[in-house]
Amino acid sequence: MTRSISILGSTGSIGTQALEVCEKLDINIAAIAANTNVRMLEEQARKFKPSLVAVYDETKAPELKAALKDTDIKVASGMSGLCMAAEYDKCDTVLNSVVGMVGLLPTLTAARAKKNIALANKETLVSGGSLVMREIKRSGAKLYPVDSEHSAIFQCLQGLPDDRALDRLILTASGGPFFGKTKKELENVTIEQALNHPNWSMGKKITIDSATMMNKGLEIIEASWLFGVEQSRIDVVVHRESVIHSMIELSDHAVIAQLGVPDMKIPIQYALTYPERRDCPVERLSLAQIGRLTFYEPDTEAFECMKICREALDRGGLCTAAANGANEEAVGLFLNGRIPFLKIPELVRAAMEAQKNDEPSSADEVLCADAAARELVKSMV
Ligand code: MG
C-alpha cells in the first residue's frame, strides 16, 4: 500500500484522477510533475502541498518558480526535473502517467531507485521494455500496471499457482470511434471524428491511438513485457461496451475476466493499494442495465497498426521503439492537419521496417532509434 507518491504527468487525465484517488486514500503527495501546464501545477501544489514540483518544459520554469515563490516548495525542470521526482526519497511509489516515450528515463530512474512503479506510460515498455525489465529485476523495484487491460490481467493473475497455468492473454478493445468502417471509409475521416471516443475520456494522443487501434498494438507489446508472454499467445477481441477489461485463459481452458464500469480510477487505485482493496469513488457495475455484451474479431486490414506492432515484436530489438517513435510523430502531424488518417499506419510501417533489430544496451540507443524513426516520418511527409 502506497504511503507517499510522486506523480509524473499530474495535470493529465490519469494524473488528475490519481490525485483524486490519493486524496480519498489519504496518500501523501510528495512530488508532482507535468509537461507545460504551470497554472494547474500551481493549483495542485497549493492544494496537495508536495515538497517538489517539476515542469518538463524548461521555458516554463521561471513562471513556475514565480508562481510558487511564496512557498518552500522546491521547483525543478526538464528531464532532470522529471527524474528528480522519479527518484525522490520522500516517496515510495512513482506513478508515471506522462505521454509518450519521454517517460522512459523517469521509469528507468524510478526502477534504479527501487520504487514501486505504477505505470500508465505504455510507451516506456514499448520503446525500452528489455531495459526496464532488466533494471527492475536487478534493483527489486515493483511494477504495477495502470493501463486498464493490463491491470485487468494483473488482477486475473492473482492467486494463480505458477506461470505454467497461464495459456493466453485476451486483451479487449473498444474498437474506437471507427469500428466497422472499411479502409476506404477511413480515407477521409476528420480529426474531430477521430477524437470522439465512444467509452473512455482520455488525452488526445491515446484517443487517436485508439482510433487507429495502434493503442491495442502498443498494448500487445506492453503485455508481452509485463507478463513475459510472446505475442502469438496474446489475442485481441473487440468488445464495444468496455465492461470486460481483459481476460486470461488458463491451461485447462478456463477463462477469467475482470469487469467493471469503464473508469480509470479502479486500475489507478489498485496499482496504489495492491494487494489491498479499498472503497473507490466509482459507480457499481450493473450488468442487467447494460443488458448485453458484444464481441467481434478485430479488422486488421482496415486497422493495420495492430499487425505492424506484432511484426515489430517478432523482429525484436529496437523495432518496437521505431514503431512507437514514428507513431508519436505521425499522430502529432495528423492532429495538426498535416497528414490524412491512413498515413499514420503507413509511416509507422516504414519506420519499423527501416529499423535494424539490434537489442538496445542503453537508453541512449533507444532514444537514437526513436529520433531516427521521427526523422524518417518527417522526411516522408
Ligand atoms: Mg488501455
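Here's a quick tour of the sheet, a helix that packs on it, a pair of helices and a metal site. Keep in mind that this is a predicted model. The sheet has 7 strands, is open and pairs in parallel fashion. A magnesium ion is held by Asp147, Glu149 and Glu219, and helices α10 and α11 pack at an angle of about 95 degrees.

**The sheet**

- Reading across the sheet, the strand order is β4-β3-β2-β1-β5-β6-β7, with parallel pairing.
- The edge strands are β4 (74-77) and β7 (142-145); each has a single partner strand, so one side of each has no neighbour in the sheet.
- From one strand to the next, the twist averages 20 degrees.
- As general background, strands in a sheet pair through backbone hydrogen bonds, in either a parallel or an antiparallel way.

**Strand pairs in the sheet**

- β3 (residues 52-55) runs parallel to β4, and the two pair over 4 bridges.
- Within that pair, alanine 54 has alanine 76 in β4 as its bridge partner.
- β1 (residues 4-8) and β2 also run parallel, joined by 5 bridges.
- Here isoleucine 5 sits opposite isoleucine 29 in β2.
- β2 is mostly covered, with 6 of its 7 residues buried.

**A helix on the sheet**

- Helix α2 (residues 38-48) packs on the sheet and touches both β2 (28-34) and β3.
- The direction of α2 makes about 175 degrees with that of β2.

**The α10/α11 pair**

- Two numbers describe a packed helix pair: the angle between the axes and the distance between them.
- For α10 (residues 204-212) and α11 (residues 214-227), those are about 95 degrees and 5 Å.
- An angle of 65 to 115 degrees counts as roughly perpendicular, so that label fits α10 relative to α11.
- On the α10 side, the contact involves Lys205, Ile206, Asp209, Ser210 and Thr212, which meet Met214, Asn215 and Leu218 of α11.
- By type, the residues in this contact of α10 with α11 split into 3 nonpolar, 3 polar and 2 charged.

**The magnesium site**

- The magnesium ion is coordinated by OD of Asp147 plus OE of Glu149 and of Glu219, at 2.0 to 2.1 Å.
- Along the sequence, the donor residues follow the spacing D-x1-E-x69-E.
- Of these donors, aspartate 147 and glutamate 149 are both buried.

Note on methods:
Residues numbered from 1 in each chain as written. Predicted model: local features only at pLDDT ≥ 70, side-chain atom pairs only at ≥ 80, totals over all residues. Heavy atoms only, no water. Axes fitted to C-alpha atoms, helices over the stretch in contact; angles between N-to-C directions. Parallel < 35°, antiparallel > 145°, perpendicular 65-115°, else oblique. Contact = heavy atoms within 4.5 Å. Nonpolar A, V, L, I, M, F, W, Y, C, P; charged D, E, K, R; others polar. Donors = N, O, S within 2.8 Å, 3.2 Å for Na, K, Ca; no water. Buried < 20%, exposed > 50% of the residue type's maximum accessible area, 1.4 Å probe, protein only. Pairing = 2+ DSSP bridges.
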